[in-house]
Amino acid sequence: MIRLQEYVPIVGQSVIDDLRLIATRLEGKSIQHINSTSVGGGVAEILNRMVPLLQELGVGTRWDLIKGGEQFFEVTKKFHNALHGYSAEITKKDFEIFLETSQQNINEVDTFGNIVFVHDPQPIALVKKKQGNKWLWRCHIDVSNPDEKVWNFLMEYIVRYDSAVFSAPSFSRRLPIRQFLISPSIDPLSDKNKELPQDIVDAVLSKYKIPQDKPMITQISRFDRLKDPLGVIEAYKEVKKHIDCRLVLAGGGAADDPEGAVIFTQVMEKAKNDKDIHILLLAQNDIEINALQRASTVIIQKSIREGFGLTVAEALWKAKPVVASNVGGIPLQVKHKYSGLLCHSVAGAAFAIKQLLNSPVYAMKLGENGREHIRSNFLITRHLRDYMLLFLSLYHPEDIVHL
Amino acid sequence: MSHLLKAKEPFRFYTRLHLSELTGLRATTLVQLVKLIKEVPGSSIYHHTHRFLQQHQFFSPEPPNDFAYWVTEILGEKELGERLASIDIMQFSRIYDLREKIISVIEAYLKEERFAQLKFAREGEEFHFIKSVSFVIPTNYVVDNLADFVEIMKKITFDSIYFHIFEARLRLEKKTNDFSFWIEHSVGDKKLADELTDLDPYTRTLDDLRAAIINIIDKRLFNP
């Protein structure tokens, strides 16, 4: 298990000292995280790292799960898509299934924490048990343009919480409760982000038969329409007219996603006559992702929509120049011309990539700025600090809190 | 060697950590922006004129405040962006006055440039008003002479420097920064205090600011 002290060489002793200082103000408080799964997905990944670190800081923290059957999770998946703005046929029966499972969880889950921290919509109805303790609702989803029927259904519960937390300002709406902005984070000590020796990077490139003879443009993302892999290939082809380079599209997740499989086929078709395009369908392998990012000259993230887009933070942490779409949480990570280049179209992406390949000193400066921006704002230590301040805010309604 | 003498009162370093609170308010045009600037709490004006200093503390050159950035990059009003970016925040010791200045700059521009009010942000690029909630916590660092002060300056966090320089002066309305106040009133070195007061912290990164403060005090210690 990773200990807090191991982050000192990365963020400095004073940042860790601050975490210990804040933690003392939470003495005696118990925090209870509740979500729907302990494995898979971003929420579980964050909690797996966050909970032990909070415990090491002396903040009493427990992580509990709700239960639900296949039907329940089918409904919550529909909710998820609807909150992302996709039209989904949600029936009266679906709402009944949600309410029925929620009631079972209300009966069974002991919400003992001084602070109950509920993640995402699946366990949202537990707030009906609220009795004198503090309740937080953490929304990890892009709800900038939600299906109103589902949002209004959830609002009945949201307003009972003390505060809500969103990942980007564009996800916020006018609410009768306090709402905070807390971005997700990456862990610099995880396999996906830790330093790698050059021989491992070389071995991964060799495994996938990627020669290191020309600049390499990379997008790491599952093969999904919203990640626009076809647009990435078009941008690469524009760049290729003027600069000899390679394109790597690497990601997973097509197998259990019918639409993903279609997109993957389209990508293969579009790439088939160019030996400098490398399409890698990867199983989950964080070291390989890390190596591909480190081997890249420019990293692109040309998403059409994005919850937060932590692949951008991963790239910037490796001091890579990034070209990324101005959507979701990406503009928080990339300030145009300061820590990367933002784009709105294929042509814009191609132009930005050409600029970076032709101006390596400028590209390096953007990458270095990006790394420091991530160090200050998007590492797990900042996330821990924000969560502890969030807990304290429940007991302090004022704007300037003297502790 | 007054600078090595014990100060009348010790100096305790504080740290200030902040949490961003969302207001749910958003603007898509300049007219909406100025209307909301008049309505939002002072902690929101403070947030949007100071956030970059902390979040982009290593960037050089440093980006301007949020209003200037949005007006320039999203609405394409570069001249107004420049006017907003060059507001001398050091002139103001109250958020109220800073807010009035921002309003007057935008309103004057709207009168001059009639077409500016027709510009609007695309969906997803609206200006979102956020406010800062500050948590002020005493650290364990306490000093009673300048030599120790400069040693601690080398290791405290940017949050701590930020608190004593920016937040104390403008948000807590102390009129000067905490370091100058202590050096003048407890150490009794007005000349040194004035030198620190004259530093413009808004045109430096926090890293540069730390180096400048240490440099000024070091010079005083070695060339009293």
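Two residues are taken to be in contact if their C-beta atoms, placed from the backbone, lie within 7 Å; the legends below describe a predicted model.

**View 1. Surroundings of the buried residues of helix α8 of chain B.** What covers the buried residues of α8(B) includes the strand β1 (11–27) together with the helices α6 (146–153), α7, α9 (190–198) and α10 of chain B. The helix α8 itself spans residues 178–187 of chain B, and its buried residues are Phe179(B), Ser180(B), Trp182(B), Ile183(B) and Val187(B). Seen down the axis of α8(B), these buried residues fall within an arc of 165°, and they therefore line one face of the helix.

**View 2. The residue just after helix α8 of chain B.** Gly188(B), which comes just after α8(B), takes a positive phi of about 80°.

**View 3. The two domains of chain B and the contact between them.** Chain B is divided into domain 1, made of 2–16 + 143–222, and domain 2, which covers 18–130. The C-alpha centres of domain 1 of chain B and domain 2 of chain B lie 29 Å apart, and the contact takes 14 residues from domain 1 and 16 residues from domain 2.

**View 4. The side of domain 1 of chain B that touches domain 2 of chain B.** The elements that give two or more residues to this side are α7 (158–171) and α10 (206–222) of chain B, and α7(B) gives the most, with six residues. By class, this side of domain 1 of chain B has six nonpolar, one polar and seven charged residues. Both α7 and α10 of chain B are also among the elements that cover the buried residues of α8(B).

Key
Residues are numbered from 1 along each chain as its sequence is written. Chains are lettered from A and ligands numbered from 1 in the order in which they are written. This is a predicted model: local features need pLDDT of at least 70, side-chain atom pairs count only at pLDDT 80 or more; totals for chains, interfaces and linings use all residues. Domain bounds come from an automatic or database domain assignment. Helices (H or I, at least four residues) and strands (E, at least two) are DSSP runs, numbered from the N terminus. Ala, Val, Leu, Ile, Met, Phe, Trp, Tyr, Cys and Pro count as nonpolar, Asp, Glu, Lys and Arg as charged, and the others, Gly among them, as polar. A residue is buried if 20 or more other C-beta atoms lie within 10 Å of its own, exposed if 12 or fewer, and partly exposed in between; C-beta atoms are placed from the backbone. The arc is that of the directions from the helix axis to the C-beta atoms.
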